[in-house]
Amino acid sequence: MQNVVMTSGLCKAYGSRTAVQGLDLCVPYGSVYGFIGPNGAGKTTTMKLLLGLIHPTSGSIRLLDEELTPQSRLKILSRTGSLIESPSYYAHLTAAENLQLVAGLKGAEAKDVVRVLDIVRLTPDARRKVGQFSLGMRQRLGIAMALLGWPTLLILDEPTNGLDPAGIQEMRALLAEMPRRCGATVLISSHLLSELEQIVDHVGILNKGRLLYQGPLAGLQQHSRGDVALRLLHPALAAPVLKSAGLAGLAREERGEVVLPPLKEAFLADLVGSLAAAGAGVVGVSCRSRSLEEIFLSLTKADGETGVV
Amino acid sequence: MFLKALWRSIRAEDSKLRGARVWAVFFLIPLLSAAYGTFSFCYNSATVTRDWNGLWGQHTLYYALFFFAPMAAIYAAWLWRLEHLGHNWTLVLSMPVPPLCLVLAKLAATFKLALFTQMWMWLLFFGCGKLWAGLPGVPPAACLLWALRGAVAAVPVLALQLLLSMLWRGFAPPVLLALLGGVVGFLFVSNGWGLYWPYGLLVLGMNANQGYDLLAGQAPPFAAACAGFTFLFCAAAGAWLKRRDIA
């Protein structure tokens with residue numbers, strides 16, 4: 001599958017602080033790609049780099065089959081819709097006027113304003129000044145601006161930020177139907193994996209400016225094994241075996257089961273054999289699946305930072 | 001391609017002026033200036049000639065010295081303030097138009113305001129002359145020409161103020177600098193260096209506080225100075241926008 005976004009060794013440093021380092025991002029065409037990481041991980045910086053709003057310290061960016069250069073940037077932007085940080089708007093103008101202004105700049109047709117207002121369900125409020133809008137309505141207006149001109153690529157930075165649970169639910173439903181309604185590849189960032197796991201098919205997990213995982217969402221689950229639970233007839237006989245396997249300090253007892261950290265399959269097979277030989281009576285072995293949120297936490301923790309999730 | 005993008009940008013900037021509070025400034029400041037000028041004309045009969053030229057001198061003295069440059073600065077600061085608020089910088093710079101178009105479009109929008117301001121100022125001059133000062137007849141055609149020259153001289157001032165307001169997030173500092181610039185402009189003109197100071201061009205163009213044409217025979221250098229300063233400030237703004245990182 002071809003990629004709509006490809007970066008190679010992308011770095012951005014501000015003085016001695018590195019915001020993004022060695023990023024090799026691959027966003028497949030037609031996907032909804034979740035770009036996830038704790039606050040300060042470098043998500044917004046990366047998105048600004050993709051839009052040419054900030055200049056990379058090193059590395060290259062390829063968008064929509066073209067290298068991002070000062071010469072190609074405007075052409076790429078004409079096929080890209082974006083919402084970076086909080087939505088931008090002119091408070092003294094109405095929603096329709098704001099959209100007409102952006103449509104004019106994008107070279108989009110005036111009738112496109114009607115279409116995007118309908119998509120974000122703002123048609124009844126089109127003649128209201130945006131200064132009177134709630135945060136949720138402004139976010140929807142921001143999405144509408146991004147959708148003007150039928151973009152091939154949508155870059156949305158934390159579009160659910162600051163919304164109440166009902167607003168998040170509504171925004172999620174809106175974003176989920178975006179590829180079907182608009183046919184665009186969507187790159188969407190969030191610091192909450194749980195918020196995106198229902199709508200994305202690919203994820204990239206970012207921490208401290210580095211990509212920790214990238215690939216299909218299903219692969220993330222396989223990528224990280226869960227704890228192993230052993231059901232034993234004589235748990236007391238298991239202790240010497242676990243000690244010799246180097247697991248003594250890592251094993252814990254939960255509801256009559258011995259729970260071990262994630263193990264490689266070959267190692268687990270050997271361990272079960274040893275426990276059986278020692279007479280511990282292995283009657284059940286199960287691998288506990290972890291939620292995506294737990295996987296995300298373990299990945300970012302392993303990278304040295306818990307992050308705010 | 002560039003011209004198309006420029007036209008799109010001009011239309012966008014123009015639509016930002018719709019229903020904006022900045023129109024109140026456009027209306028009130030020339031009114032205030034005209035009141036000062038006419039009052040001064042009426043109560044300085046010993047030093048000011050009792051004709052349209054005398055009234056023009058008094059009107060433009062206050063207008064060019066204290067009012068016009070800060071007013072141009074308010075137009076520029078207001079238009080950039082729209083982008084400084086929230087994350088509008090990311091919006092405007094992620095549009096498929098060259099950054100220079102954004103600068104030139106803002107210049108066009110502020111020039112439109114300045115042009116209307118000059119027309120309003122001239123109407124006030126005429127109204128005050130007839131209704132308040134009781135002058136006979138109509139103003140000489142030269143006064144209309146000087147008002148239009150003032151609009152031309154406003155272009156480099158607007159370009160400079162747009163540059164300052166783009167770099168300066170605060171609203172007040174560029175306006176204060178404009179006030180200072182206007183006063184210094186008078187000093188430049190009185191020493192014969194008016195063409196070398198953008199705010200001095202305003203005094204020269206409007207023939208402020210003078211009974212004779214300050215620019216007699218100097219129209220080409222005046223036009224060249226206006227064009228040169230405008231090019232310089234717009235190019236600087238465009239180059240800075242192209243290179244800056246949007247934090």
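When I speak of a contact this morning, I mean heavy atoms within 4.5 Å, and please keep in mind throughout that what we are looking at is a predicted model.

Let me start with Thr45(A), which sits in helix α1 of chain A, a helix covering residues 43–50. Leaving aside residues up to four places away in sequence, Thr45(A) touches Lys12(A), Tyr14(A), Ala19(A), Val20(A) and Ile54(A). Its relative accessible area is 15%, and since buried means under 20%, Thr45(A) is counted as buried.

Turning now to the nonpolar interior, the largest core holds 172 residues, and the members that touch the most others are Leu99(A), Ile143(A), Leu156(A), Met178(A), Ile188(A) and Trp56(B). Helix α3 of chain B, residues 52–84, supplies the largest share of this core, with 20 residues. Apart from this core lies another one, of 14 residues, including Leu230(A), Ala238(A), Leu260(A) and Leu263(A).

To stay with Trp56(B) for a moment, its contacts, again not counting residues up to four places away in sequence, are Met121(B), Trp122(B), Phe125(B), Cys143(B), Trp146(B), Ala147(B), Met206(B) and Asn207(B).

One of those partners brings me to the cysteines: why does Cys143(B) form no disulfide? The closest cysteine sulfur, in Cys128(B), is 14 Å from that of Cys143(B), which is too far for a bond, given that a disulfide requires sulfur atoms within 2.5 Å. Cys143(B) is buried, at 0% relative accessibility.

Over all chains, in fact, the count of disulfides is zero. Cys26(A), for its part, has its nearest cysteine sulfur, that of Cys11(A), 15 Å away, and at 27% relative accessibility Cys26(A) counts as partly exposed.

Conventions
Residues numbered from 1 in each chain as written. Chains lettered and ligands numbered in written order. Predicted model: local features only at pLDDT ≥ 70, side-chain atom pairs only at ≥ 80, totals over all residues. Heavy atoms only, no water. Core = buried A, V, L, I, M, F, W, Y, C linked by side-chain atoms within 4.5 Å. Buried < 20%, exposed > 50% of the residue type's maximum accessible area, 1.4 Å probe, protein only. Helix = DSSP H or I, 4+ residues; strand = E, 2+ residues; numbered from the N terminus.
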